[in-house]
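Let's take a stroll through this model, starting with a pair of helices and ending at a pocket. Keep in mind that the model is predicted.

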Amino acid sequence: MKALLRLALLLLVAALGLFAVAFLGQRRLIYFPEREGLEASLARARRMGLEPWRDASGRLLGWRSPHPSGPPAARLLVLHGNAGSALDRQAYAAVFQAPKGLPLEVCLLEYPGYGPREGTPTEAALLEAALSGVEALSDRPLILCGESLGGAVASLAAARRPDA
């Protein structure tokens, strides 16, 4: 009987330890950012034809692809999925700026803690970044495009700023 109690106690302690590790490491289980230094990101963006997109205080928000024909009729704000970084979504610019499409400027938002952007990815941080992006682009019609995790972020941002 004592051996059975010891085994049950050992299993309980092991399960509690596993739950504690999962709880303490849950952010690593949720977000999969790809980090990259600013200089390397800037060089990669230039090769892709993208420009850095900064806020009024000079902090990096993400990357822009101006429409090749001139001023855009609207802007597309891409909120990317969980893994990688915004620079991995350059294909959105190629697709949405196709010759027969609407003249769009494509803006790829970089989440905090992804790519070269400072910060830590959390639900609140991703939403705040999206709202900052919406605010920065609100001088023209704006289309939100969310991919995977970005779909949830886009939905929350649209719910908070339906006027934009």
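**Two helices and a pocket**

Start with helix H5, residues 123–136, and helix H6, residues 149–160: they pack at an angle of about 60 degrees, and their axes lie 9 Å apart. H5 and H6 are therefore oblique to each other. As for handedness, the crossing of H5 past H6 is right-handed.

Which residues do the touching? On the H5 side you'll find Glu 123, Leu 126, Leu 127, Ala 130 and Leu 131, and they meet Leu 149, Val 153, Leu 156, Ala 157 and Arg 160 of H6. Sort the residues of this contact by character and you get eight nonpolar and two charged, with no polar ones.

Now swing over to the largest pocket, which holds about 200 Å³ of space. Its lining takes in Leu 38, then Arg 54, Asp 55 and Arg 59, followed by Leu 60 and Leu 61. Further along the chain, Pro 116, Arg 117, Glu 118, Glu 128 and Ser 132 line the pocket too. The elements giving two or more residues to this lining are strand S2 (60–65) and H5, so you meet H5 again here, after its packing with H6.

What is the lining made of, by character? The split for the largest pocket is six charged, four nonpolar and one polar.

Conventions:
Residues numbered from 1 in each chain as written. Predicted model: local features only at pLDDT ≥ 70, side-chain atom pairs only at ≥ 80, totals over all residues. Heavy atoms only, no water. Axes fitted to C-alpha atoms, helices over the stretch in contact; angles between N-to-C directions. Helix = DSSP H or I, 4+ residues; strand = E, 2+ residues; numbered from the N terminus. Parallel < 35°, antiparallel > 145°, perpendicular 65-115°, else oblique. Left-handed = near helix turned anticlockwise from the far one by under 90°. Contact = heavy atoms within 4.5 Å. Nonpolar A, V, L, I, M, F, W, Y, C, P; charged D, E, K, R; others polar. 1 Å grid on protein atoms, 1.4 Å probe; cavity = no way out; pocket = protein on both sides within 12 Å on 5 of 7 lines; lining within 4 Å. Points joined across faces, edges and corners; volume = space filled by probe spheres on them.
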